[in-house]
Amino acid sequence: MTYQPFWFDSAINEEAAAPFHLLPQGHHTDVCIIGGGFTGLWTAINIKQQHPTKKVTIIEQGLCGQGASGRNGGAMLTWSTKLPSLIKLVGLDNALFLVKQSELAVHEISAFTKEQGIECDCRIDGCFYTASNRAQLGLLDNALDCLDQFKLNSWQKCTAEQLLQTGSKQNFHAHFSAHGGSIQPAKLVRGLKRVAQQMGVDVIEHCRYIQHHDHEPINVTTNQGALVCNTLIFAVNAWLPTLQNQFSRSVVLVSSDMIITKPIPDVLEQLKLNHGSAIIDSRTFVNYYRSTSDGRLMLGKGGNFFSYGNKVHPKFDQPSHYKKLLDSSLAHFFKGHELPIERTWTGPSDRSATGFPFFGHLNAHPHVLYAGGYSGNGIVQSYLGAKILSAMVLNNNPQWQHCGLVNQPLKQFPIEPIRTAGAYIVRNAIRRKELAEDLNLQPHKIDCYLAKLSGSAAKVDMQSLR
């Protein structure tokens, strides 16, 4: 890949050159993990922490962090704002457990990076959910009411002074939770790779999975040769439909596009954005932004390019094709401020029909596992996903193994070309609706109807338990 997202470029340029580890001839391992991103690395580390003698191997088709993990927005978000939907999906006890664990995970990730000396700009400065137009006021109420009902509400309504911390006068209203923050995702991935290797994990980069045979032990063919393993894990997220066609209708691959400025510390200080909080508005295809420790402003927007047939399109490895849209969002929030742009990029998000990730046994094979469907919430949720996968491998933690996200029946999206055509029809209706709302105009009724077909795409839960 010749074009690099800003995060990965920054991370790799700070590393000392080191030789690549090649796949040894006749390699045998207890656990083979396909994918060297957040899910694969956290899973390997979890397994080694609990069973240091287990042989674990990660194979990654490029460099660890070149996939979706190293190019997301770096916002650390929890499941608290999706509690009603989570209850309907996995049941009350599991939902409360997962929300609590997602909030705890933010702080555990921070503690782990400090303990292991991973320099990744990890700042647990909380998270703001805002209303950036009048139509968004009250959209968080259902989730907050549900959290209150179960005494799990960490969100506080912002005062006028706290609202200024969102950096934009466009935000009319906001809630804040201390369970959130931001991180440089590619530096985290590269740091996790180092830690995994120090723990004895074999990390084989530039090693592309081709196929495997289900008989035991499991034989895996790669472009570097073959290996044998007792357990195989697909931790490839957006690449899962490409490698296993049975998931071709389980997700929709959609871009999340990002833009980052050159260092502007004076502007950030003026905006009161000299902190690491993540700021997300309450529209369906959210605007999200955060600052960096070196004085940059990054803004991202989801729901732009839908990949036909769920193939990982070359557009995902190019500058964003939606720069005008990103510029418009910057102008919406930061009108009158000079924001010199450093770079744009994009990344694939594997959105499931429920908006939550899924885990399971591939073709009911007890030793072939998969993970997918993070739906744009990869940092914290992949950390939790690793707990699920490691429990499935080691068979040692029923609460994670039976948390409701494992071996669930997967809802299916329509077949092509209906899926992609429908996605663009709904996307365009949402854009028209939200543009009208930004202008304080009444959206067209048809656009409002079509927008409801987006289901669980928003990060704020629009439904109640009633």
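## A walk through the helices, the sheet and a few odd backbone spots

Start with helix 1 and helix 7, which are oblique to each other. Select residues 6-13 for helix 1 and 185-198 for helix 7, and you'll see axes that come within 7 Å and cross at roughly 45°. Keep in mind as you click around that this is a predicted model. Helix 1 goes past helix 7 in a right-handed crossing. To see what touches what, show side chains for Trp7, Phe8, Ser10, Ala11 and Ile12 on helix 1, then Pro185, Ala186, Lys187 and Arg190 on helix 7. Colour that contact by class and you get six nonpolar residues, one polar and two charged.

Stay on helix 7 and add helix 2, residues 38-50. These two axes come within 10 Å and cross at roughly 30°. Since that angle is under 35 degrees, helix 2 counts as roughly parallel to helix 7. The crossing of this pair is left-handed. From helix 2, pick Phe38, Leu41, Trp42 and Ile45; from helix 7, pick Pro185, Leu188, Val189, Leu192, Lys193, Val195 and Ala196. What classes of residue make up the contact of helix 2 with helix 7? Ten are nonpolar, none polar and one charged. Pro185 deserves a label, as it is listed in the contact with helix 1 and also in the contact with helix 2.

Next stop, the sheet. Hide the helices and look for eight strands in an open, mixed sheet, running in the order 5-6-4-13-14-15-12-16. Where are the edges? Go to strand 5 (156-157) and strand 16 (341-352), each of which pairs on one side only. Now zoom in on strand 16 with strand 12 (residues 251-261): the two pair in the antiparallel sense over eleven bridges. For a single pair to centre on, select Asp257 and find its bridge partner Thr346 in strand 16. Bring back helix 10 (residues 323-333), which packs on this sheet. Helix 10 touches strands 12 and 16, along with strand 13 (278-281), strand 14 (287-291) and strand 15 (297-306). Line up the view on strand 15 and the direction of helix 10 makes about 135° with it.

Now zoom out and select residues 30-391. UniProt, in an unreviewed entry, places the feature "domain: FAD dependent oxidoreductase" on that range. Over those residues the chain is 30% helix and 27% strand. Put a distance label between the C-alpha atoms at the two ends and it should read 15 Å.

For one more helix pair, select helix 4 (residues 92-116) and helix 11 (residues 378-394). They pack at an angle of about 105°, with axes 9 Å apart, so helix 4 and helix 11 are roughly perpendicular to each other. On the helix 4 side, show Leu98, Gln101, Ser102, Ala105, Val106, Glu108 and Ile109; these meet Ile379, Val380, Tyr383, Leu384 and Lys387 in helix 11. By class, the contact of helix 4 with helix 11 has eight nonpolar residues, two polar and two charged.

Finish with some backbone spots that are worth a torsion check:

- Glu216 to Pro217: the peptide bond here is cis, with omega near -5°. Pro217 sits in the loop between strand 9 (209-213) and strand 10 (218-222).
- Glu416 to Pro417: another cis peptide bond, with omega about 5°. Look for Pro417 in the loop between helix 12 (398-401) and helix 13 (418-438).
- Lys272: phi is positive at about 65°, although this residue is not a glycine. Lys272 lies in the loop between helix 9 (265-271) and strand 13.

How values were computed: Residues numbered from 1 in each chain as written. Predicted model: local features only at pLDDT ≥ 70, side-chain atom pairs only at ≥ 80, totals over all residues. Heavy atoms only, no water. Axes fitted to C-alpha atoms, helices over the stretch in contact; angles between N-to-C directions. Helix = DSSP H or I, 4+ residues; strand = E, 2+ residues; numbered from the N terminus. Parallel < 35°, antiparallel > 145°, perpendicular 65-115°, else oblique. Left-handed = near helix turned anticlockwise from the far one by under 90°. Contact = heavy atoms within 4.5 Å. Nonpolar A, V, L, I, M, F, W, Y, C, P; charged D, E, K, R; others polar. Pairing = 2+ DSSP bridges. UniProt positions renumbered as here; feature names shortened; annotations may be inferred.
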